[in-house]
Amino acid sequence: MTAATYQYVDLPDASVVTTRALLTARENIGDTVAARAMMCIHGGAGFGKTLAVNTCLRELEPGEDVRKITFRARPTARAVRYELFTALDLAGEPPRHPSEFDRLLKTALAERPRTFLVDEAQWLNGEAFEYFRYLWDEPATQLAIIFVGGEGCHTVLRREPMLSSRIFIWQHFTRLVPSEVLDVIPLFHPIWADADPEDITFADSHAAHGNFRAWAQLTAHTRTALARTGRPRVDQELLRWAFSRLA
């Protein structure tokens with residue numbers, strides 16, 4: 001995996017905050033990798049799933065060989081094979097025949113322990129999930145798989161008993177609750193560090209709604225407003241201007 005960049009917007013001075021969900025993910029991912037198992041992290045868009053998983057997996061490197069695969073459309077098993085070929089940095093041309101391709105992937109996966117992060121897993125259908133199970137079930141492979149996706153990911157996995165029964169841990173990401181917002185957001189970015197808690201609550205109730213991606217966007221606009229007005233700290237007038245850009 002490559003070094004992290006902040007995934008929502010280009011937001012200088014933003015920090016990765018250790019939320020309850022991130023702490024739980026750290027523990028769950030560590031246990032899954034140790035067991036060479038599969039897990040599913042799912043939840044709504046913008047709740048911080050991918051950022052949390054990337055953060056936790058980077059903590060396991062370089063001792064753990066982590067490979068990331070991201071899908072943007074519904075892949076066939078053939079497409080999954082090609083993505084794995086690329087993710088594993090295998091030499092030469094991909095085999096043409098599925099059986100030959102499968103042997104190549106199994107051989108590569110048996111070389112040493114690896115962890116796959118399969119992001120945007122809501123795009124996977126039953127066939128694609130089944131192919132990951134097929135490789136994971138191979139006794140010689142030493143594979144841990146972290147599926148990360150929207151609620152569709154959870155729904156498809158639950159419909160596949162052969163695969164669902166093999167998921168070691170399920171973790172559901174949800175919105176930050178109001179009390180957690182007050183704990184987390186002042187640590188997220190310096191503009192909130194000295195903000196009035198009532199203004200943070202005001203911002204959350206009117207715009208961010210416990211969604212980390214929305215908080216990142218709101219922070220970027222509020223930071224711009226502070227720079228343009230020269231005001232020393234956040235206030236509700238500035239926040240209303242930022243809200244107008246999110247409407």
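The protein chain has 11 helices and 5 strands. The structure is a predicted model. Along its principal axes, the C-alpha trace spans about 65 × 35 × 35 Å. The chain holds 247 residues, and buried residues make up 47% of them. The chain exposes about 12000 Å². Carbon and sulfur atoms supply 51% of that area. Contacts were also sorted by separation along the sequence. Among contacts with a separation of 6 or more, 74% join residues 24 or more positions apart.

Strand 3 was examined in detail. This strand covers residues 114–119, and 6 of its 6 residues are buried. Both of its faces are covered. On one side lie Arg114, Phe116 and Val118. On the other side lie Thr115, Leu117 and Asp119. The buried set therefore includes Arg114 and Asp119 as well as Phe116 and Leu117, since a residue counts as buried when its relative accessible area is under 20%.

Strand 3 pairs with strand 2 and also with strand 4. Strand 2 spans residues 66–70 and runs parallel to strand 3, with 5 bridges between them. Within this pairing, Ile69 has Val118 of strand 3 as its bridge partner. Strand 4 spans residues 143–149 and likewise pairs with strand 3 in the parallel sense, over 5 bridges. Here the bridge partner of Leu117 is Ile146 in strand 4. Between strand 3 and strand 4 the chain passes through helix 5, residues 126–137. This β-α-β crossover is right-handed.

Aromatic rings were considered next. A pair of aromatic rings is described by the distance of the centres and the angle of the planes. A search of the whole structure finds 8 aromatic pairs. One of them joins Tyr82 and Phe101. Their centres lie 5.2 Å apart, with 80 degrees between the planes, and the pair is edge-to-face. Tyr82 lies in helix 3 (residues 77–87) and Phe101 in helix 4 (residues 98–109), so the pair ties together parts 19 residues apart in sequence. The two residues differ in exposure. Tyr82 is partly exposed, at 30% relative accessibility. Phe101 is buried, at 2%. Tyr82 and Phe101 also belong to one aromatic cluster with Phe85.

A further pair involves Trp192 and Trp215. Their ring centres are 5.1 Å apart and their planes stand at 90 degrees, so this pair is edge-to-face. The pair links distant parts of the chain, 23 residues apart. Trp192 sits in the loop between helix 8 and helix 9 (197–208), while Trp215 sits in helix 10 (residues 212–229). Both Trp192 and Trp215 are buried.

Cysteines were then checked for bonding. A disulfide is a covalent bond between the sulfur atoms of two cysteines. A search of the whole structure finds 0 disulfides. Why does Cys56 form no such bond? The closest cysteine sulfur, in Cys40, is 15 Å from the sulfur of Cys56, which is too far for a bond. Cys153 is in no disulfide either. For Cys153, the nearest cysteine sulfur is again that of Cys40, at 3.6 Å. A disulfide requires the two sulfur atoms to be within 2.5 Å, so the separation of 3.6 Å does not qualify. Cys56 is buried, with a relative accessible area of 3%. Cys153 is buried too, at 0%.

Two further positions complete the account. Gly44 is found in the loop between strand 1 (38–43) and helix 2 (49–60). Is Gly44 buried or exposed? At 18% relative accessibility, Gly44 counts as buried, because the cut-off for that class is under 20%. Leaving out residues up to four places away in sequence, Gly44 touches Lys49, Glu151 and Phe173. The C-alpha atom of Gly44 is 23 Å from that of His189, and these residues are 145 residues apart along the chain.

Glu180 belongs to helix 8, residues 178–188. Glu180 is buried, with a relative accessible area of 8%. Which residues does Glu180 contact, apart from its neighbours within four places in sequence? The contacts are with Thr19 and Arg20.

Key:
Residues numbered from 1 in each chain as written. Predicted model: local features only at pLDDT ≥ 70, side-chain atom pairs only at ≥ 80, totals over all residues. Heavy atoms only, no water. Buried < 20%, exposed > 50% of the residue type's maximum accessible area, 1.4 Å probe, protein only. Helix = DSSP H or I, 4+ residues; strand = E, 2+ residues; numbered from the N terminus. Pairing = 2+ DSSP bridges. Right-handed = clockwise from strand over helix to strand, strands pointing away. Contact = heavy atoms within 4.5 Å. Areas by Shrake-Rupley, 256 points an atom, 1.4 Å probe, with all protein chains shown as cover. Phe/Tyr/Trp six-rings, centres within 6.5 Å; stacked < 30°, edge-to-face > 60°.
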